[in-house]
Amino acid sequence: MLQFLVLGAVATVISGRYENVNVKQDWWETAVFYQIYPRSFMDSDGDGVGDINGITSRLEYLKELGVEATWLSPIFKSPMHDFGYDISDYYSIQPEYGSMEDFEQLLKKAGELNIKVILDFVPNHSSNESEWFVKSASKDEYYSDWYIWENGHLDSTGHRSPPNNWISVFRKSAWTYVASRDQYYLHQFGESQPDFNYRNPVVVEEMKNVIKFWLEKGVAGMKLNSFNHIYEVDKDSYGGRYPNEPMTGKPGLKPEDYGYLEHIYTKDQEETYDMVSQFRDVFDAITIRDNLTRIMMTEASTTIKNAVRYYGEGTHSGAHIPFNFGLIEDLDKDSDARDMKYTIDRWLTYKPLRKQANWMTGNHDTSRVASRFRSELVDAFNMLVLLLPGIAVTYMGEEIGMTNGFVPWSETKDPQACNTDDPVNFIEVSRDPVRTPFQWSNGKNAGFSHADSSWLPVAEGFEHLNLAAQRSSIRSHYQVYRTLTNLRMRPAFKYGRYESLALNNDVFAFKRWYNDDTYVVVMNVGRTYHVVNLTAFDLIFGQLEVEASSVVSSRTYSDNVQANYLDLAADEALVLRMQV
Ligand code: NOJ
Ligand code: MG
């Protein structure tokens with residue numbers, strides 16, 4: 001008992017312990033970031049659309065979860081063809097979401113609660129309704145070269161065709177004709193999202209100004225969206241014309257599909273990494289001036305070797321947090337414990353040694369854990385995100401194990417889905433199911449809005465799967481999540497070392513330790529019962545005590561287990577502490 005009390009004291013009074021060993025971490029280095037999709041989080045004014053005041057009214061909830069920062073999907077002025085990822089004015093707030101005063105109020109409240117706010121910024125493209133694009137389309141002298149304009153082809157019959165074969169991420173040609181210039185503009189995403197021309201220094205300057213503007217307003221950082229798309233190949237190296245991209249030869253794809261081509265000229269261009277570092281300088285300048293770190297997060301869905309280049313190279317600093325999509329892109333329903341170990345080790349292996357890793361299992365573009373894997377594994381995945389070394393990022397709703405909603409074709413809003421023109425197969429690419437309203441309660445619209453209907457329908461099953469129900473239940477994903485964010489404050493999880501094992505095909509386990517405080521996180525991701533022996537880890541023996549258990553587990557806090565004989569039910573996940 002005495003031992004228990006002493007260890008407890010070490011865990012809660014962290015500071016005294018770690019000052020001795022000279023471990024110092026900046027606010028972001030092991031923080032929990034919570035991603036909010038503002039449209040779907042909380043509607044304060046009853047129009048069926050989430051808004052800024054809605055977020056402000058729920059900041060206490062983030063605090064309660066043990067979250068230290070939030071990153072908000074875009075809130076800037078936008079015609080909402082891609083729900084904010086098509087910005088028409090980078091310096092103002094989308095009126096439907098609120099006013100600048102509302103946003104300042106959000107920052108104030110967040111500051112009082114010591115929650116940092118990060119904004120999602122879209123540097124690759126603006127909306128075609130932005131004044132910059134409208135002026136560019138009319139060949140205004142200053143704005144003329146802000147976007148990628150190119151001549152098409154006109155054949156002898158008068159038939160006009162695009163400059164080359166490039167395809168948009170959302171399907172079909174990446175080029176759209178504009179009569180006023182008798183030219184095509186490039187859009188790597190939707191038609192309403194023209195790509196900026198990063199070879200024009202004036203554009204780069206303006207983007208830096210946007211970052212400065214929001215940092216000066218008091219945001220703690222920015223997340224830079226689709227960063228690996230910002231440059232296209234330099235056409236001057238190809239005789240002044242953008243070259244065709246080669247075909248992938250992947251079976252089952254149509255020429256309009258994005259995967260039909262190998263994107264060697266539109267993604268991951270070498271110049272990208274210098275731009276990362278140029279943007280980082282903007283963050284650093286304000287960081288140094290204020291003596292408070294402003295962070296840069298980058299999003300790039302790319303190869304592992306490219307992904308870790310975003311950390312910076314040599315004397316060039318990169319992003320503080322280059323998003324790691326491993327748990328999202330490399331694992332699926334068929335993955336087992338070995339795949340998990342492999343995926344996790346991969347990021348840890350490729351990232352620069354002294355940089356922080358980061359972990360996420362979801363976002364507004366990706367099927368939810370409960371649907372992508374199964375709901376019984378929600379706690380196991382939250383254990384990964386929150387207890388692996390480094391930064392944790394949770395997409396709203398993952399803490400309560402929300403499932404994908406069902407959004408029929410008639411109510412589908414996602415441009416990526418609408419662009420399929422396919423009322424049956426749209427479901428394979430639609431991102432609406434992961435953007436359905438947050439399930440606060442079993443009330444009207446799941447407590448999200450007073451409106452008659454919400455902008456996307458609430459997911460089925462919300463009557464049982466909602467925050468209120470999980471708050472009042474002793475065992476729930478929400479309770480597990482809170483236990484985990486609490487555990488994460490302990491030195492073993494903040495600064496501790498890491499080792500992992502696939503104990504068999506179904507059971508993944510990892511050990512975290514700091515001095516003599518040692519934990520084993522173990523999860524059976526298979527569908528059958530297993531007995532495992534944790535003494536396969538160095539220095540794990542005797543008894544371990546349960547600190548947290550998944551809702552499907554029959555074990556609870558402070559139960560004891562034997563290191564050399566641990567029986568695990570299917571889907572059971574445990575956080576165990578070595579007894580000394
Ligand atoms: C990535 C964002 O996450 C996605 O939602 C968006 O559609 C594209 N970038 C285009 O901006
Ligand atoms: Mg609203």
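**Entry 1: the magnesium site**

I began with the sequence pattern of the metal donors: for the magnesium ion (ligand 2), the donor residues are spaced D-x1-D-x1-D-x1-V-x1-D. A reminder to myself before going on: this is a predicted model.

Next I looked up which atoms do the coordinating. Asp43, Asp45, Asp47 and Asp51 each give an OD atom to the magnesium ion (ligand 2), and Val49 gives its O atom. The distances run from 2.2 to 2.3 Å.

Are Asp43 and Val49 buried or exposed? I checked them one by one. Asp43 has a relative accessible area of 2%, so I noted Asp43 as buried. Val49 comes out at 6% relative accessibility, and Val49 therefore counts as buried too.

**Entry 2: the domains**

I then turned to how the protein chain is divided. The domain assignment gives domain 1 as 10-124 + 201-232 + 264-480, domain 2 as 125-195 + 233-263, and domain 3 as 502-578. I noticed that domain 1 is written in three pieces and domain 2 in two.

How far apart are the centres of domain 1 and domain 2? Taken over C-alpha atoms, they are separated by 29 Å.

**Entry 3: where domain 1 meets domain 2**

I stayed with this pair of domains to see how they touch. On the domain 1 side, 32 residues are in contact, and they meet 33 residues of domain 2.

I looked up the area as well. About 2700 Å² is buried between domain 1 and domain 2, and 56% of it lies on carbon and sulfur atoms. Which three residues supply more than any other three of the area that domain 1 buries against domain 2? They are Asn124, Glu232 and Tyr265, with 25% of that area.

Then I went through the polar side of the interface. Between domain 1 and domain 2 there are 20 residue pairs in polar contact. For secondary structure, I wrote down β4 (89-93), α7 (201-217) and α14 (415-418), each of which supplies at least two residues to the side of domain 1 that touches domain 2. Helix α7 gives the largest share of that side, with four residues.

How many salt bridges cross the interface of domain 1 and domain 2? I found one. I also noted a salt bridge between the side chains of Lys172 and Asp421, at 2.9 Å from N to O.

**Entry 4: salt bridges elsewhere**

The full count of salt bridges comes to 34. I picked a few to look at.

My first pick was Arg471 with Glu64, whose side chains meet at 2.8 Å, N to O. Arg471 sits in helix α15 (residues 467-471) and Glu64 in helix α4 (residues 59-65), so this pair ties together parts that are 407 residues apart in sequence. Arg471 is partly exposed at a relative accessible area of 39%, and Glu64 is partly exposed at 28%.

My next pick was Glu299 with Lys223, a salt bridge of 2.9 Å from N to O. This pair links distant parts of the chain, 76 residues apart. I placed Glu299 in the loop between β12 (295-298) and α9 (304-309), and Lys223 in strand β11 (residues 221-224). Glu299 is buried, with a relative accessible area of 12%, and Lys223 counts as buried at 1%.

I also looked at Asp290 with Arg289, where the closest N and O atoms of the salt bridge are 2.7 Å apart. Asp290 counts as partly exposed, at 30% relative accessibility. After that I turned to a network: Asp82, Asp365, Asp414, Arg431 and Arg435 are joined into one by salt bridges that share partners.

**Entry 5: two positive phi values**

I finished with the backbone. Most residues other than glycine have a negative phi, so I wanted to record two residues with a positive one.

Lys139 has a phi near 60°. I found Lys139 in the loop between α6 (131-137) and β6 (149-150), partly exposed with a relative accessible area of 48%.

Ser226 has a phi near 45°, also a positive value. Where is Ser226 placed? Its loop runs between β11 and α8 (271-290). At 7% relative accessibility, I put Ser226 down as buried.

Conventions
Residues are numbered from 1 along each chain as its sequence is written. Chains are lettered from A and ligands numbered from 1 in the order in which they are written. This is a predicted model: local features need pLDDT of at least 70, side-chain atom pairs count only at pLDDT 80 or more; totals for chains, interfaces and linings use all residues. Side-chain values use heavy atoms; hydrogens and water are left out. Donors are N, O and S atoms within 2.8 Å of the metal (3.2 Å for Na, K and Ca); water is not among the atoms, so sites may look incomplete. Buried means under 20% relative accessible area, exposed over 50%, partly exposed in between (1.4 Å probe, protein chains only). Domain bounds come from an automatic or database domain assignment. Contact means heavy atoms within 4.5 Å. Buried area is the accessible area (1.4 Å probe) that two parts lose on being put together, summed over both. A salt bridge is a side-chain nitrogen of Lys or Arg within 4 Å of a carboxyl oxygen of Asp or Glu. A polar contact is a pair of N or O atoms within 3.5 Å; within protein, one must be able to donate a hydrogen and the other to accept it, and residues adjacent in sequence count only if both atoms are side-chain atoms.
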